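Trainee: Got a minute to go through this one with me? I'd like to ask short questions and hear how you get to each answer.

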Amino acid sequence: MANAASIPQPPALARWVVPAAALVGAGSVVAALDGAGPSLTTYAAASVPAHVADLVAGLAMISVGAVLWLVRPGPPGVLAVLIGCTWSANDWVGRQAAPPMARSVAMLATPFLLALVVHLALKWPSGRATWPHARTGVLLAYGVATVVAVGQALVRDPLFDQNCWRNCTDNAFLVRADVDVAQALEAFRLWSSVVVGGLLVAAVAWWLARASPAARTATVPVLVPAALVAVAEVGYAVVLLQVPEENPSVAPFTVVFLVRAAALTALALGLARTASRTTRTRRAVGRLAQDLASAPAPGLLRDVLARSVGDDRLEVAYWLDGPQRYVDAEGRTVDPVPTRDQAVTTITRDDRRVAIVVHDRSLRAAHDLKSEIGAATRLAVDNERLRAEVLFRLEDLRASQARVVARSDATRRGLERDLHDGAQQRLLAVSSELRLALAAAGSHGDAEVASLLTRAATEAALALTELRELAHGIFPAILADAGLGPALRTYAAAAPLALDVAHVVDRRWDLGAESAAYVVVVEAVADAVRRSASYVSVAVEEDAGHLVVALHDDGSERDPAQLVHLVDRVGALGGRMHAGTAALRAEIPCG
Amino acid sequence: MRVVIADDAVLIREGIASLLRASGAEVVGQAGDAEELMREIRRHQPDVAVVDIKMPPTLTDEGLVAAQRIREEQPGVGVLVLSQYLEATYAMRLVSDHPEKVGYLLKERIFNGEVLLDAVQRVHEGETVVDPTIISMLFGRRRRLDPLAVVSPREREVLALVAEGLSNKAIASRLTVTERTVEAHVTQIFAKLHLSESPDAHRRVLAVLTFLRG
């Protein structure tokens with residue numbers, strides 16, 4: 001199993017202290033109820049269902065706490081074990097045969113049940129107080145419980161308690177019996193239960209109401225049962241305020257006890273669910289590390305993290321030091337901007353930024369990320385980042401090639417325009433002037449000058465034709481003006497061999513793609529001529545975002561080396577070339 | 001014959017004007033862009049407009065667009081488009097919308113007064129004019145299976161003149177044969193090439209151009 005190395009792990013021995021304590025606690029739970037009979041003044045002794053509910057609640061809490069601690073060492077596991085033990089302490093209190101000291105200690109523990117639940121809920125799941133006033137709330141709950149526990153231990157003599165039921169004989173800590181103070185403390189205990197329980201329910205409701213969906217999903221299994229426990233404890237206190245003499249065979253008491261046990265069991269189940277989820281996440285992350293050898297798909301880390309913290313919107317962005325930018329797992333440039341309910345966790349290595357994770361602001365996601373991105377994930381993060389960087393550089397290179405090609409195309413187009421608008425216009429003007437001069441010479445009967453002017457005019461006409469062909473060769477204006485179809489048809493009219501363009505779709509595409517396709521055809525024709533072909537047929541169509549140019553000819557065997565620059569040109573646009581003996585196929589992205 | 005000239009280069013405009021004047025035409029207006037051209041045409045109601053294909057602002061095909069507009073708004077005005085492009089595509093675009101009273105001539109013809117005036121004259125008379133260089137380029141195209149193999153050299157000659165936009169009568173005088181002979185040739189050629197013979201002399205230009213390009 002992969003360890004989460006980024007959170008401090010206790011030493012191996014200390015790690016087993018909590019489970020060992022839990023084992024002792026569980027043993028004492030069973031021992032407390034062993035040999036049931038009239039000497040046992042507990043709910044468990046009153047009925048079989050109560051007995052089962054009592055045992056289940058206590059053992060579930062303790063064992064889940066131990067497992068939780070093993071899976072993720074921290075306060076929640078300890079608290080769960082303590083809650084289970086405190087719950088079961090009531091059974092020791094009511095065990096008449098137990099040593100007085102044991103019963104007295106158990107009595108000292110019981111008032112802390114609600115405080116422990118408050119602690120677990122308010123600090124769930126990070127073990128750090130992140131709710132507003134959580135610290136105050138927890139201290140208040142513990143303070144109240146301490147006052148009650150210590151006060152009653154010092155002044156309450158069970159013998160003088162008219163409402164005593166569980167333990168009417170032993171208090172090893174008694175200093176001075178004071179019935180009035182003891183009664184006042186009991187009233188304080190009940191009322192404070194109502195207040196603290198009510199506050200916890202309110203706090204949970206407030207938290208769930210404003211939590212993001214991801215945070216809510218993650219915390220509901222624990223927070224709702226915790227609130228239920230609080231409600232049950234409030235109910236218990238209310239019943240005791242009405243009927244001070246506790247009696248397990250009276251309906252209200254029986255019902256309240258069963259509800260309390262059920263709520264506690266639900267809390268244990270909620271904790272168990274969290275523990276199992278953490279284990280599954282660990283396994284997934286562990287598998288991720290193992291998958292490194294078999295080259296996992298890019299983005300796997302993001303998927304695993306998103307699943308493990310239950311946040312669909314989670315994004316991982318890798319930082320590239322060179323180009324100073326973030327890229328995703330595919331190497332695409334991204335600009336991770338967290339929304340209002342998102343936070344950013346930075347993954348660093350030797351104080352250098354490696355990646356950031358944009359995730360739900362909920363404390364659970366933040367905490368889990370810190371623990372999940374541990375030693376095992378480190379390899380996955382590095383691997384994905386390296387690959388993202390390679391992909392980014394490849395894309396960067398391709399984009400740079402595409403820019404070079406586009407700039408060269410633009411330059412050629414500009415040259416063609418300059419020739420048309422400049423040199424050609426001037427030559428036309430010269431020709432026109434020559435014709436006028438010729439007419440004038442003719443009317444003056446100057447035959448020698450007329451013959452010279454005629455030769456000059458012929459030369460000018462030839463120059464114009466050559467200039468037009470040159471300009472067309474540099475860049476066919478028709479390509480930009482009318483598109484690939486007309487340009488290829490024009491080219492076919494002057495091609496050095498039979499060029500069949502019947503299967504060229506007449507529509508417009510991106511000029512860069514059209515230019516590349518045009519060059520492919522022209523070069524393929526030149527190649528076909530070299531291989532003594534008698535014809536070339538060309539088909540152009542669009543397929544899945546690609547301009548597909550398929551060429552076929554009857555020439556001799558093709559030498560792929562002759563088409564390297566074509567492969568480069570198409571590749572610069574992110575396209576591909578397939579060259580067979582008689583067939584040539586170019587796939588050029590066209591948006 | 002009254003003519004309006006449009007070209008953004010003053011030098012060329014003046015050259016064309018002096019050639020046409022020398023040949024006896026009356027140049028009633030000149031324009032540097034399409035908007036000015038439309039104003040001149042509305043004002044002077046000329047017989048023919050001689051329009052450069054490249055005019056501001058994009059210097060691509062404003063002349064073609066203007067030609068189509070003139071033919072739509074002023075059916076009485078013929079349009080001769082002058083172009084540096086040896087492109088059948090543009091010529092076909094011109095004749096496909098309004099086949100009569102339009103012409104597509106390579107710009108280098110402008111220093112040959114006779115050819116230019118002849119083209120202007122033909123457009124004025126309602127004929128279609130397609131530059132012979134474009135036709136010979138289309139005829140010169142190499143093909144795997146030459147669809148023109150079925151026609152005789154004489155028929156080829158006739159077909160080329162049909163493609164240039166000449167009427168039967170003009171072809172007859174060019175080849176010094178009777179108009180009846182030309183008619184017979186044309187019928188024969190169209191049958192051999194599986195072209196539906198259109199009685200309209202203008203439509204048949206487009207049909208032949210399309211066939212030659214296919």
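Mentor: Sure. One definition before we start: helices and strands here are DSSP runs, numbered from the N terminus, with at least four residues for a helix and at least two for a strand. Keep in mind that this is a predicted model.

Trainee: Okay, which strand holds A:Asp553?

Mentor: Look at the run covering residues 546-553 of chain A. A:Asp553 belongs to that run, which is strand S8.

Trainee: Is A:Asp553 buried or exposed?

Mentor: Buried means under 20% relative accessible area. A:Asp553 comes in at 6%, so the call is buried.

Trainee: Which side chain makes a polar contact of 2.7 Å with A:Asp553?

Mentor: Start with the surroundings: beyond four places in sequence, A:Asp553 touches several residues, including A:Ala528, A:Tyr535 and A:Ala582. A polar atom of its side chain also lies 3.0 Å from the backbone nitrogen of A:Gly555. The side-chain partner at 2.7 Å is A:Arg531.

Trainee: And how far apart are N and O in the salt bridge between A:Asp553 and A:Arg558?

Mentor: Side chains of opposite charge can pair when their charged atoms come close. The cut-off for a salt bridge is 4 Å. A:Arg558 is buried at 8% relative accessibility. Its N to O distance to A:Asp553 is 3.9 Å.

Trainee: What is the N to O distance between A:Arg260 and A:Glu233?

Mentor: Both ends are buried: A:Arg260 has 5% relative accessibility, and A:Glu233 has 9%. Their side chains meet in a salt bridge, N to O, at 2.7 Å.

Trainee: Why does that pair tie together separate parts of the chain?

Mentor: A:Glu233 lies in helix H10 (residues 213-242) and A:Arg260 in helix H11 (residues 251-291), so the pair ties together parts whose separation in sequence is 27 residues.

Trainee: Over in chain B, which residue forms a salt bridge with B:Glu155?

Mentor: B:Glu155 is buried at 5% relative accessible area, while its partner is partly exposed at 29%. The closest N and O atoms are 2.9 Å apart, and the partner is B:Lys192.

Trainee: How many salt bridges does the structure hold over all chains?

Mentor: We've been through a few of them, among them the pair A:Arg260 and A:Glu233. Over all chains, the count is 35.

Trainee: Is A:Val52 buried or partly exposed?

Mentor: A:Val52 sits in helix H4 of chain A. Together with A:Val48 and A:Val56, A:Val52 makes a nonpolar surface patch of about 250 Å². Its relative accessible area is 44%, so A:Val52 is partly exposed.

Trainee: What span should the 24 residues of H4(A) have?

Mentor: At the start of that helix, a side-chain oxygen of A:Ser47 reaches to within 3.2 Å of the backbone nitrogen of A:Ala50. For the span, use 1.5 Å a residue and compare with the end C-alpha atoms, which agree with the expected value: 34 Å.

Trainee: What share of chain B is buried?

Mentor: For context, chain A has 591 residues, of which 50% count as buried. Chain B has ten helices and six strands. Of its 214 residues, the buried share is 58%.

Technical notes. Residues are numbered from 1 along each chain as its sequence is written. Chains are lettered from A and ligands numbered from 1 in the order in which they are written. This is a predicted model: local features need pLDDT of at least 70, side-chain atom pairs count only at pLDDT 80 or more; totals for chains, interfaces and linings use all residues. Side-chain values use heavy atoms; hydrogens and water are left out. Patches are made of residues with over 30% relative accessible area and no salt bridge: like charges are joined within 9 Å, nonpolar side chains (Val, Leu, Ile, Met, Phe, Trp, Tyr) within 5 Å. Accessible areas come from the Shrake-Rupley method with a 1.4 Å probe; for residues, only the protein chains shown count as cover. Buried means under 20% relative accessible area, exposed over 50%, partly exposed in between (1.4 Å probe, protein chains only). The expected span of a helix is 1.5 Å times one less than its number of residues. A polar contact is a pair of N or O atoms within 3.5 Å; within protein, one must be able to donate a hydrogen and the other to accept it, and residues adjacent in sequence count only if both atoms are side-chain atoms. Contact means heavy atoms within 4.5 Å.
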